[in-house]
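Please open the model in your viewer and keep the sequence panel beside it, since each stop on this tour begins with a selection.

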Amino acid sequence: MHFRDTRFWIYDLGLLAGVAICVSTFSVAPPAWPPLWAWALFPILQLLVWQRGFPLPGIGMLSMERVPQVAALCLFAPLEAAFLNALPGLFFPFFNRRYRQNSWAVGLRRAVHNACMLWFMSFAAGLAYAAVGGPLPLHDLTIASVVALLVMAAVLQVINNLMMLIYFALDRRNLASVLTPRYLLLEVVFVPFGVLLALILANGSAAEKVLFVTLVVLFVFALQRLNEQRSHSQQRLATRGLQRRDGSGQVVQFVVGALQGQRWRWGHGAQVLRRD
């Protein structure tokens, strides 16, 4: 095992110990776990938005992961929501070969880190939401509930960013590349969608719930498709510009390959940026 891997495993084991301490301290007997539909809906939806997230230059990956995360925190107690949100983090590296770098060992390490980070994010945000009087489950929007939601979103984002900065520091990466408002605040824009999902799940009929979840899934696929078309258009424009300046097919082929490689790096870096 390389020293880099040892360093990360020490960190991950410390996170696991922290989760175990928190669970033993805050758990109640017997715990009131979410219903089966929640264990199916929230992890699957989170895996989907990760798998279909799209890369952005200089940022990493934009995904709608805050939608299921915030919805779970609006419907269930902090401990329950934390496990709901952490569960897909365990599975994602084994679904995505590029993210685990074609290595099961790397996948296992990232799975542990992802799950622990998501657990701490969600648990801290859930405690903060409850501490300021956030209703569970959320049935309506009042001034008090909106304030509680703002506190929840802030804590969720701050913990996420702090734990990713720790990871980058352990990996000896350039922190200046991620200490930007776009990176630090980008996913906050999807918090209202998570609140809306929670309201519909708490108040809507069965048909309304199915229709809205279907709409969210279609929206995820539509965003991915729009980004793919945008990337292809940028590559075609770049290629045409080079053809006008230099008729050499070899130069054009080299630059197109470089562009494709840069797109892959954005996609790969994105997986690391938000989830290890």
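The stops below go from a pair of helices to a surface patch and then to a loop.

This is a predicted model, in which local features need pLDDT of at least 70 and side-chain atom pairs count only at pLDDT 80 or more, while totals for chains, interfaces and linings use all residues. Residues are numbered from 1 along each chain as its sequence is written, and side-chain values use heavy atoms, with hydrogens and water left out.

Select helix 4 (residues 78-95) together with helix 5 (104-131); helices here are DSSP runs of H or I with at least four residues, numbered from the N terminus. Their axes, which are lines fitted to C-alpha atoms over the stretch in contact, with angles from 0 to 180 degrees between N-to-C directions, come within 7 Å and cross at roughly 160°. The two helices are therefore roughly antiparallel, a term for angles over 145 degrees.

Next, select Val 112 in helix 5, which is buried at a relative accessible area of 12% (buried means under 20%, exposed over 50%, and partly exposed in between, with a 1.4 Å probe and protein chains only). Add Gly 89, which is 23 residues from Val 112 in sequence and 7.8 Å away in space, C-alpha to C-alpha.

Stay on helix 4 and pick Leu 90, which is partly exposed, with a relative accessible area of 36%.

Finally, move to the loop between helix 5 and helix 6 (143-170), where Pro 137 is found; the peptide bond leading from Leu 136 to Pro 137 is cis, with omega near -10°.

Conventions. Parallel < 35°, antiparallel > 145°, perpendicular 65-115°, else oblique.
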